[in-house]
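Let's take a walk through this structure together. Have the sequence and the 3D view open side by side, and follow along as we go from strand to strand.

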Amino acid sequence: MHTHHPTFPRARFLARIVAAFLVLAVGTVFASAKHPDIKPDAGMDLYGSIIDETGAPVVGVVVSDGFQCVATDARGVYQMKRNPKARMVYYSTPSEYEIHTQATAVKKGKGSSAVFHAKLDRRGKQKRFNFDLKKLPAPEKLFTLICVGDPQTSNDTNIERYKNETVADLFMFKKTSKLPCYAILLGDVCSDAPEYHRTMRDYTGLSQVPFFAAIGNHDHDQAITDDHKSTEGFESVFGPVNFTFNRGDVHIIGMDDILYNGRQDYKSGFTDEQVEWLRQDLSFVPKDKIIVLAYHAPLYEGEAQNRAKLMKLFEGYAEVHLMAGHTHNHRNFIVKKPIKAYEHIHATACGAWWKSILNNDGAPNGYGVYTFNGNKVADWYFKATGYGRGYQMRLYPGNASFGGLSGKYTYKQGPNDIVVDVWNADDDWKIIAYENGVAVGPVRKLSRMIDAYSVGYHVGSLGMTGSHYGQNGEGSNTHLYVHTKRDPNARVEIRATDRFGITYVGRELTTDLSRAGEYPR
């Protein structure tokens, strides 16, 4: 078990963050002579062209106003009749081209907020919007996608932690990665604090990982009860709330799955307009591609509006992976209807709202890491902020109690039991107990329960209140296991092997956790 306080990378670049500036380019819109002349068809009032760095037209690029999708023709030209509700025009970056990002002065590097859109003139006076793309040497068949759940900052202290912990970790991850890296923020970038959206965009950009952002319930403007209008502020900072891009053989989609009528009145789901937008987008995507859909609130197999209708659009694709945040717990959920898909519900960057480095279910603050090779997922894992990949579990004495001097919270196991929390495990993992170096068999899965370690700290020690800290009902931890010692005096080791054959090792803790415990702060 890891009991030390994590130390977050604080390379020299962090000292330059305060001095860093961002060049705010609101889109890759150009009006140079190298773009072709266009005479739009009758009734078409939104059009333009897309070319590469040599001036050649880029054919087959999907362009949208957020309600419809068209593709560029042999001259690189697109045209459509603008939807009256449209606020932006944007394209889906093809696999053969770079993701365009905003520039920054940090270490002569790029900023990393994706820019693939242009803001429309409300009065419709400007009708033409051109875009320039830069070709990659070759499509990136092998790449990494990082999914970051709920940074959810609400004040300067939160933002400093996000910058010094999450962003620093992402920077070091990219610096040491041998693969191209991209990221998606899975919503709740801020916590009902839209004044921080630009700051969060700029600080996230210092990671130098090109990133996109989905919108969460706390990113909507709580002063506006109209669902569409409540996203306008977020969209002005991060770009369209429904978007797609392509890397290798993967079609990546970001969508707003929050139907918003106010801070205390929202539900998950999709409008009919969103489903139609996605249907049109997918009409340009071959069936041999992997689909990744990123959004905020988990869908499970529930009754979210238009869930089934939207999911059926993915029938026939190579694989379907759904990326969500929202719950501040980590869970892997196999969707069986109306199609088979894998929903990855991510523990968050902020954990229990920046009170510690723990989520409500005991999973550490961190983010998901997914490696794609062609149209297959070659690897995925959850990376704890400030730790290496090997930190994938925590062990407790079965009869340990948590919650300060009161010791109120327990896992309800016996003195010869070892409780094992393997936060990213699913049914394809093999988790084996060893006593004194000898394998003695698989561990036993526990039912969903309150996480005594996390709740003991947040509620018992810090005195936090509210059901969202996980102390009520059936609890939030779905990834607990137990091993009962055959030899009460044996030293226990747990070896957990994931679906990709990578084995992680956890060892029995010798420190007494019967009272306050050694909590990460």
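What follows is a short tour of two groups of strands and a few backbone details.

Before we start, please keep in mind that this is a predicted model.

A good place to begin is an open sheet of six strands, with mixed pairing. Reading across the sheet, the order is β15-β16-β19-β20-β22-β21. The strands at the edges are β15 (243-247) and β21 (331-335). Each of these has a single partner strand, so one of its sides is left without a neighbour in the sheet. From one strand to the next, the twist averages 20 degrees.

Let's stay at the β15 edge for a moment. β15 runs antiparallel to β16 (residues 250-254), and five bridges join the two. If you would like a pair to look up in your viewer, try Asn246, whose bridge partner in β16 is His251. Packed on this sheet you will find helix α5 (residues 272-282), which touches β15, β16 and β19 (290-294). The direction of α5 makes about 165 degrees with that of β16.

At the other edge, follow the chain out of β21. The loop between β21 and β22 (341-345) holds Pro338. The peptide bond that leads from Lys337 to Pro338 is cis, with omega near 0 degrees.

Now move to strand β12 (residues 142-148). Is β12 largely enclosed or left open by the rest of the structure? Six of its seven residues are buried, so β12 is largely enclosed. β12 pairs with β23 (residues 366-373) in the antiparallel sense, over six bridges. Within that pairing, Cys147 has Gly368 of β23 as its bridge partner. β12 also pairs with β13 (residues 181-186), here in the parallel sense and over five bridges. Thr144 stands opposite Cys181 in β13. Together with helix α2 (residues 156-176), β12 and β13 make a right-handed β-α-β unit.

To finish, two loop residues deserve a look at their backbone angles. Asp192 sits in the loop between β13 and α3 (197-205). Its phi is near 50 degrees, a positive value in a residue other than glycine. With a relative accessible area of 14%, Asp192 is buried. Trp353, in the loop between β22 and β23, is not a glycine either, yet has a positive phi of about 55 degrees. Trp353 has 19% relative accessibility, and because the cut-off for buried is under 20%, Trp353 counts as buried.

How values were computed: Residues are numbered from 1 along each chain as its sequence is written. This is a predicted model: local features need pLDDT of at least 70, side-chain atom pairs count only at pLDDT 80 or more; totals for chains, interfaces and linings use all residues. Side-chain values use heavy atoms; hydrogens and water are left out. Two strands pair if DSSP finds at least two bridges between them. Helices (H or I, at least four residues) and strands (E, at least two) are DSSP runs, numbered from the N terminus. Axes are lines fitted to C-alpha atoms, for helices over the stretch in contact, and angles run from 0 to 180 degrees between N-to-C directions. Contact means heavy atoms within 4.5 Å. Buried means under 20% relative accessible area, exposed over 50%, partly exposed in between (1.4 Å probe, protein chains only). A crossover is right-handed if, with the strands pointing away from the viewer, the path from the first strand over the helix to the second runs clockwise.
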